[in-house]
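Visitor: I'm new to this one and would like to learn how to read it. Could you walk me through it, one feature at a time?

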Amino acid sequence: MRRFFSAAALGLTVLLSSSMVFANGESGAEQLRQFVRNSKTAEGDFVQQQLRAPKANESQEKGLKVVRQTQGRFVFQRPGRFIWDTQKPYEQKLIADGKQLILWDKDLNQATFRPAGQALAATPAAILFGETSLDQHFDLVEGEDRLGMKWVALVPKKNPNAKNGNDLPYTKISVGMVNGLPKALELIDGLGSVVLVTLDKIQLNVSLPANRFTFNPPAGAEVLRLN
């Protein structure tokens, strides 16, 4: 757990459909709703960047600075099953099999298992790979057009049982849409840290084997089981 891994997947993650075509005037929020309703499975590539604002002694002209960058492959099946497979600069997998959330670190030869409920609820992946209706949990607010995308803010609805009104660690969640396709996910936490995930080469509603989300640690691996 010591290394930076998908805030997308730890959300994780949004996915694209080449078969969806929208009029230029379609709102970003409606594009996102239709995408979530119509995408049952998908897989593709991701690049994830952790960004920070320039420090006082650094040039302020270039804007946010990339602190870390990872890339790899993802696959999902609604509701709540996904694999966020980081391949560079190290190998690490985050897997949700419907019951458990599993972190596999190849370098450490270590697998960490925890119940999916509470752990999964705090991940962006649960937002985008889980429910078929975002409006049950979020208010979708139209944002600005930026970087060639229509941005939609996902504002969590208040949960009276949560300490801070909701269970998510992010103060802002935004999705960038282009012609009905989610192209980017932007996450900001309470400390102002920014995670930007961009997606590419997506195949939608692909056929997946029944054991696609099954993970068995290799012989000799350290296994941690957390409650």
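Visitor: Where does K201 sit?

Guide: K201 is found in strand 11, residues 194–204. Helices (H or I, at least four residues) and strands (E, at least two) are DSSP runs, numbered from the N terminus. This is a predicted model, where local features need pLDDT of at least 70, side-chain atom pairs count only at pLDDT 80 or more, and totals for chains, interfaces and linings use all residues. Residues are numbered from 1 along each chain as its sequence is written, and side-chain values use heavy atoms, with hydrogens and water left out.

Visitor: What is the phi of K201, and is the residue buried or exposed?

Guide: Here's the general idea: most residues other than glycine have a negative phi, and most peptide bonds are trans. K201 isn't a glycine, yet its phi is positive, about 55 degrees. K201 is exposed, with a relative accessible area of 60%. Buried means under 20% relative accessible area, exposed over 50%, and partly exposed in between (1.4 Å probe, protein chains only).

Visitor: Which strand runs antiparallel to strand 11, joined by nine bridges?

Guide: That's strand 1, residues 41–52. Two strands pair if DSSP finds at least two bridges between them. In this pairing, Q49 of strand 1 stands opposite L196 in strand 11.

Visitor: How do I read the sheet, and in what order do the strands come?

Guide: In a regular strand the side chains alternate between the two faces of the sheet. Here, twelve strands form an open sheet in the order 7-8-9-10-11-1-2-3-4-5-6-12, with mixed pairing. Strand 7 (138–146) and strand 12 (222–225) stand at the edges with a single partner strand each, so one side of each has no neighbour in the sheet. On average, neighbouring strands are turned by 20 degrees against each other, direction ignored. For that angle, axes are lines fitted to C-alpha atoms (for helices over the stretch in contact), and angles run from 0 to 180 degrees between N-to-C directions.

Visitor: What about strand 5: which strands does it pair with?

Guide: Strand 5 runs antiparallel to strand 4, with five bridges, and antiparallel to strand 6, with six bridges. On the strand 4 side, Q92 stands opposite D105. On the strand 6 side, L103 has T112 as its bridge partner. Five of the six residues of strand 5 are buried, so this strand is largely enclosed by the rest of the structure.

Visitor: How many residues lie between the strands of each hairpin?

Guide: Strands 4 and 5 form a hairpin with two residues between them, and G98 in that turn has a positive phi of about 100 degrees. Strands 5 and 6 form a hairpin with four residues between them. In that turn, N109 has a positive phi near 55 degrees, though N109 is not a glycine. N109 counts as partly exposed, at 30% relative accessibility.

Visitor: Where are the cis peptide bonds I should look at?

Guide: One joins R78 and P79, with omega about -5 degrees. P79 is in the loop between strand 2 (65–77) and strand 3 (81–88). Another runs from K88 to P89, with omega near 5 degrees, and P89 lies in the loop between strand 3 and strand 4 (92–97).

Visitor: Let's try a helix residue. Is G28 buried or exposed?

Guide: G28 lies in helix 1, residues 28–38, and counts as buried at 0% relative accessibility. Leaving aside neighbours within four places in sequence, G28 is in contact (heavy atoms within 4.5 Å) with E142, K150, V152 and M177. The C-alpha atoms of G28 and V152 are 6.0 Å apart, although 124 residues separate them along the chain.

Visitor: How do I read the nonpolar core, and which residues have the most contacts inside the largest one?

Guide: In soluble globular proteins, nonpolar side chains tend to be buried together. A nonpolar core is a set of buried Ala, Val, Leu, Ile, Met, Phe, Trp, Tyr and Cys residues joined through side-chain atoms within 4.5 Å. The largest one here has 31 residues, and L32, F82, L140 and L154 have the most contacts inside it. Strand 11 supplies the largest share of this core, five residues. A second, separate core of twelve residues includes I95, L208, F215 and A221.

Visitor: And what share of the whole chain is buried?

Guide: Of its 227 residues, 47% count as buried. The chain has three helices and twelve strands.
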